[in-house]
Each structure stands twice: as structure tokens, then as C-alpha cells.
Amino acid sequence: MNTDPLRLAIIVGSIRDGRLGPTVATWFAGQAASRSDLDVDVIDLADVPIGSSAPSMSVPEPVLKALGELTPRLEAADAFVVVTPEYNHSYPAALKNAIDWHNQQFHAKPVAFVSYGGISGGLRAVEHLRAVFAELHAVTTRDTVSFHGAWECFDGNGQPKDPVGPAAAAKTLLDQVTWWARILRDAKTTTPYTV
């Protein structure tokens with residue numbers, strides 16, 4: 001059994017101006033970084049200018065450069081946490097495009113979700129993402145962290161106003177995603193995952 005720390009990529013899925021995603025992701029990354037079994041890499045898609053280019057298109061040089069930085073980070077990850085808002089009952093287009101560029105990087109790896117939004121807390125976006133990641137041969141965790149009425153949930157320092165519930169939910173999520181990551185990482189060393 002490999003006891004090296006697991007590499008957890010936290011993907012910030014919204015790129016809109018005025019977004020809450022970096023606040024939510026920074027808080028969650030702090031929760032994850034407090035664990036000795038994780039090395040955390042925060043990937044903010046706003047810093048990855050791939051626009052609306054698709055893998056089947058002629059790809060501009062700036063997009064190739066951005067992918068050259070993003071793809072190895074996703075490949076190196078043992079597990080993922082996607083931080084997503086809910087836009088019109090689903091998830092952001094930029095997140096879908098980044099996922100569509102990367103298929104094998106998600107194979108046989110766990111994906112967990114931290115969502116935020118209005119009354120639903122982004123959970124409808126999560127339900128859509130579960131189907132997408134199943135197509136990519138990823139395993140999604142049952143438990144999530146969700147912030148309902150998210151704009152009222154954080155103080156001026158980017159911390160939850162009521163820290164107890166979110167911290168407990170983050171611990172449960174992290175326990176699940178690390179269990180899956182360790183099991184799948186070890187399994188792939190003895191039995192490579194081929195599709």
C-alpha cells in the first residue's frame with residue numbers, strides 16, 4: 001500500500017466576474033490542507049484561457065499553452081474536488097469545456113463536489129456533473145458540501161459565518177474522497193485500468 005500523500009486537485013468551475021467560487025475554494029482548500037494525507041493543488045479555470053475551443057477544432061496557440069499547463073496537473077491528481085455554482089439548474093460552460101478536453105485524466109479517480117447557489121445550494125449542478133463524470137470512468141462520492149443562499153454564508157474574511165456545519169461536511173467529503181483515491185491508486189498499481 002502506497003502511503004505517500006494523495007494529490008487533490010480542487011477545480012474552481014466558474015470564471016464569471018464577481019464570482020464567489022474563489023472564496024468557497026480557498027476556504028475548502030484550507031480544510032483539505034490541514035490534513036497530512038493530502039497535497040492540494042487549486043486549479044482556477046479563470047486562469048486557464050481555453051475559451052470555447054473544442055478538442056475537434058483547430059486549436060489556437062494560447063489555448064495549447066493553457067492546456068499544456070492544465071493537463072499535467074489533472075493527470076497528476078489522485079482525486080478531484082469540483083467547486084461549482086449552479087447556473088440555470090446546471091453547471092458553468094467553462095467547467096464543461098475544461099472537462100471535455102480531458103477524458104483519460106479522470107479515469108478511475110474519485111471526484112467530489114463543493115457547490116453553492118441560491119435555495120438549492122448548487123445541488124442541481126452536482127447532479128448533472130455526476131452523469132458527466134460517470135461517462136469519464138470516474139467515481140463520484142456520495143456526500144457533498146453545499147452552501148445554500150451562498151452570498152450570505154461567508155464573512156468579510158472569506159470564512160463561513162457558521163463554521164461548524166460546513167467544516168463537518170468538508171471532513172466527511174474529504175474522508176470519502178481520500179478513501180476512494182487511496183483504494184483506486186493502489187488498485188491501479190497491480191491492475192491497470194483500461195477501457
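What follows walks through the strands, the empty spaces and the salt bridges of this predicted model.

The strands make a good starting point. Strand E1 covers residues 6-12, and 6 of these 7 residues are buried, so the strand is largely enclosed by the rest of the structure. E1 has a partner in strand E2 (residues 38-44), and the two pair in the parallel sense over 7 bridges. Within that pairing, Leu8 of E1 sits opposite Val40 in E2. Helix H1 (residues 21-33) goes with these two strands: E1, H1 and E2 together make a β-α-β unit, and the unit is right-handed.

E1 also pairs with strand E3 (residues 79-85), again running parallel, this time with 5 bridges. Leu8 turns up here too, standing opposite Ala79 in E3, while Val12 stands opposite Val83 in E3. So far as burial goes, E3 is mostly covered, with 7 of its 7 residues counted as buried. Its side chains split into two sets: Ala79, Val81, Val83 and Pro85 point one way, Phe80, Val82 and Thr84 point the other way, and all of them are buried.

E3 has a further partner in strand E4 (residues 110-117), and this pair is parallel as well, held by 6 bridges. One of the matches is Pro85, whose bridge partner in E4 is Tyr116. To get from E3 to E4 the chain passes through helix H3, and this β-α-β crossover is right-handed.

Next come the empty spaces. Rolling a probe the size of a water molecule over the atoms shows where such space is left. The search turns up 1 cavity of 30 Å³ or more, and the largest cavity has a volume of about 50 Å³. Its lining is made up of Ile11, Ile43, Leu45, Leu70, Leu74, Leu95, Ala98, Ile99 and Phe106. By class, these come out as 9 nonpolar residues, with no polar and no charged ones. Helices H2 and H3 (93-101) each supply at least two residues of this lining, and H3 gives the largest share, 3 residues.

The largest pocket has a volume of about 250 Å³. A set of 14 residues lines this pocket, and Glu75, Gln104, His107, Lys109 and Lys188 are the ones that lie nearest its centre. Helix H2 (61-76) and helix H5 (164-190) are the elements that give two or more residues to the pocket lining. Sorted by class, the lining of the largest pocket holds 6 nonpolar, 2 polar and 6 charged residues.

That leaves the charged pairs. Side chains of opposite charge can pair when their charged atoms come close. In this model the count comes to 12 salt bridges. One of them joins Asp175 to Arg35, with the closest N and O atoms 2.8 Å apart. Asp175 belongs to helix H5 and Arg35 to the loop between H1 and E2, so this pair ties together parts that are 140 residues apart in sequence. Asp175 has 31% relative accessibility and so counts as partly exposed. The pair is also part of something wider, as Arg35, Asp37, Lys171 and Asp175 are linked in a network of salt bridges.

Another salt bridge brings together the side chains of Arg185 and Asp78, at 3.6 Å from N to O. Here, too, the partners come from separate stretches of chain: Arg185 lies in helix H5 and Asp78 in the loop between H2 and E3, so parts 107 residues apart in sequence are tied together. Both Arg185 and Asp78 are buried. A further salt bridge links Asp143 with Arg142, the closest N and O atoms being 3.1 Å apart. Arg142 is exposed, because its relative accessibility is 68%.

Helix H5 also contains Leu173. At 0% relative accessibility, Leu173 counts as buried. Leu173 and Glu75 are 98 residues apart along the chain, and 21 Å separates their C-alpha atoms. Glu75, for its part, is among the residues that lie nearest the centre of the largest pocket.

Methods:
Residues numbered from 1 in each chain as written. Predicted model: local features only at pLDDT ≥ 70, side-chain atom pairs only at ≥ 80, totals over all residues. Heavy atoms only, no water. Buried < 20%, exposed > 50% of the residue type's maximum accessible area, 1.4 Å probe, protein only. Helix = DSSP H or I, 4+ residues; strand = E, 2+ residues; numbered from the N terminus. Pairing = 2+ DSSP bridges. Right-handed = clockwise from strand over helix to strand, strands pointing away. 1 Å grid on protein atoms, 1.4 Å probe; cavity = no way out; pocket = protein on both sides within 12 Å on 5 of 7 lines; lining within 4 Å. Points joined across faces, edges and corners; volume = space filled by probe spheres on them. Nonpolar A, V, L, I, M, F, W, Y, C, P; charged D, E, K, R; others polar. Salt bridge = Lys/Arg side-chain N within 4 Å of Asp/Glu carboxyl O.
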